[in-house]
2 protein chains.
Amino acid sequence: MQDKEITIYDLAERLNISATTVSRGLQDHPAINKKTKKKIFDLATELGYRSNKFASNLRKQKTNTIGVIVPRLNSLFMSAVISGIEKIVNNSGYNLIISQSFEQEKKEKANAATMFNSRVDALIVSLASDTQDFSHFDSFNKKNIPIIFFDRVAEEIQSTKVLIDNFKAGYSITKHLIEQGCKEILHITGNISRNVYRDRFEGYKKALADHKIEFKPDLFISNDLTEQALQDIFANDIFKRDKMPDGLFITNDSAAAVALTILKDAGFSVPKDIAIVGFNNDLISRVTEPAITTVNYPGNEMGENIARILINHLDGEGDLSFTSTVILNAELILRPSSQRNKNNE
Amino acid sequence: MQDKEITIYDLAERLNISATTVSRGLQDHPAINKKTKKKIFDLATELGYRSNKFASNLRKQKTNTIGVIVPRLNSLFMSAVISGIEKIVNNSGYNLIISQSFEQEKKEKANAATMFNSRVDALIVSLASDTQDFSHFDSFNKKNIPIIFFDRVAEEIQSTKVLIDNFKAGYSITKHLIEQGCKEILHITGNISRNVYRDRFEGYKKALADHKIEFKPDLFISNDLTEQALQDIFANDIFKRDKMPDGLFITNDSAAAVALTILKDAGFSVPKDIAIVGFNNDLISRVTEPAITTVNYPGNEMGENIARILINHLDGEGDLSFTSTVILNAELILRPSSQRNKNNE
């Protein structure tokens, strides 16, 4: 169904000039006069001529495209990061193309290949939860195409990383719940083989230890944090326990909102019976009753930071190799869902 | 900073064979033996050789990449559509690249150019709200690269479209609110120059007319439906009116949840003082108190439908030109935020 690819021979025939002239014209060769060059460029554009050299010479080996690979696009945090990136790169004349790994290494590799074949000038990556091998980034390194990792990063990779202090955030949340009188704090989170969830979990355990509270393995649950997964875990496990938790630290706001709704529907009072803290400061944490205590994960600022570092590097004004890790602040935002001392109804 | 592009001459030199042999090998020419072809392919892959012909011959003129251009990625509806598309295309060996127009025609044109230069095999588009000129799709048509439009479409474009009956949905919502006793129904919506918002608005007006309720221009507000825009419109306009509306039809669930929170904070009872209906059936509509009546906009099913039509076309099993418009069902989901007859507290 597809038309034949346009070649320099087609252009030469249509313009009644030699293929060599077309080739030189597309390469902006000084021997070809401006008028001829313009005729060649115009026809090439009109007919949709596509090649390495045309693009690269027109635009100095650059496509002005930056690739982004993220685990999933279904969170407001991720769309905020991407909006932040896009805001900065647009002003610099770059365009983004985005793909999702769906948390799968295999898909991440396919996405990386697509990005490479699309000749992106740079790549921005948040790793899939199960990525163990990083060889799909080798081809970029070989061509000096810069890569920045954010949020979900890996220690093993020598590349610029932009993230928050997840350990500290996990610690602050747990400490806050302990200060509200919670003694049985349930931690529901994602796959802890990835830094974000692992570090928050480590912060949770350290805060317990610092307050002489024993870590109980049955108060730790790892799943995909979907609405369905939460309904299942409450119905089949938590509600069947002899002792209900009195605190809940759950690592995203949508999941926290779902848990809040499940608990309220089952007759529990929040925060009196169980205090809840989410993560991200998504809109959803502000529209529930009670509103949900959360960590302000500054997605937009993170995106802008990533893009600025990258653009500076691409423009030759900075060098990524001098910027190894950027840690952004992420503060606890107190709301009624966890504040028992103020809300003794 | 970037390495020189690898050419067939580099491959020839490294393999100690002629450039003609390399060129023929990459084109799968029968004169070159399998072992040599393999050596050429392996080195080309290793060094990151990129060209039209290599890709096209390796993969029969296909990149196995499908481009998606959407207004914004920050809605669960949009991520559900993309997930639905991705589910189907992945199984067929295609990979998606996605970009956002941010509701701007100019950016949509830049995205289309990027997709074209990335040699996508097909394009899926939901139009920006201000796109008036559609010439950026001409280059795709010239090369017979199929395009499917969804959700935000334009009558002027001769191409396959997948959408819901927005007029009917707007009519059903308004009729429901009238049946709940609402007489002053405020409609807050997006830019009505695009079909989705225009058709819902037309449905709203028709339902009013059919029930002998006069349409009042001050009960129609068009803005970008952000949290900030809603806070402003309530503080500076709605709360200052002599007569408050008794019904609210607002065209996405996040906006409905924000409006619900603003109204509750101001001391209004929902649905008693004001009944609310949103749109999309996003998670956020299920976690508020009261939960919000909405329209189930089946994003996932829409995405799967789009992808199936497209894959059939690309595989030669169907032909897009026979499928002009696909209308999916979108049903009203009744919840407490609008049900006054059952909730006379």
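Author: Welcome! A residue is called buried when its relative accessible area is under 20%, and exposed when that area is over 50%. Please keep in mind that this is a predicted model.

Reader: Thanks! Is A:Glu103 buried or exposed?

Author: The relative accessible area of A:Glu103 is 18%. The cut-off for the lower class is under 20%. Therefore A:Glu103 counts as buried.

Reader: Which residue forms a salt bridge with A:Glu103?

Author: The closest N and O atoms of this pair are 2.8 Å apart. It links distant parts of the chain, 49 residues apart, with A:Glu103 in the loop between strand E2 and helix H6 of chain A. The other end sits in the loop between strand E4 and strand E5 of chain A. The partner is A:Arg152.

Reader: Is A:Lys243, which forms a salt bridge with A:Glu184, buried or exposed?

Author: The closest N and O atoms of A:Glu184 and A:Lys243 are 3.4 Å apart. A:Glu184 counts as buried, at 11% relative accessibility. For A:Lys243 the relative accessible area is 54%, and the class above the upper cut-off starts over 50%, so A:Lys243 is exposed.

Reader: Which residue of chain B meets A:Arg286 in a salt bridge?

Author: Happy to trace that one! The pair crosses between chains, starting from helix H12 of chain A and ending in helix H10 of chain B. The N to O distance is 2.7 Å. At 26% relative accessibility, A:Arg286 counts as partly exposed. Its partner is B:Glu227.

Reader: How many salt bridges does the structure hold over all chains?

Author: One part of the picture is a network that links A:Lys87, A:Glu304 and A:Arg308. Over all chains, the number of salt bridges is 33.

How values were computed:
Residues are numbered from 1 along each chain as its sequence is written. Chains are lettered from A and ligands numbered from 1 in the order in which they are written. This is a predicted model: local features need pLDDT of at least 70, side-chain atom pairs count only at pLDDT 80 or more; totals for chains, interfaces and linings use all residues. Side-chain values use heavy atoms; hydrogens and water are left out. A salt bridge is a side-chain nitrogen of Lys or Arg within 4 Å of a carboxyl oxygen of Asp or Glu. Helices (H or I, at least four residues) and strands (E, at least two) are DSSP runs, numbered from the N terminus. Buried means under 20% relative accessible area, exposed over 50%, partly exposed in between (1.4 Å probe, protein chains only).
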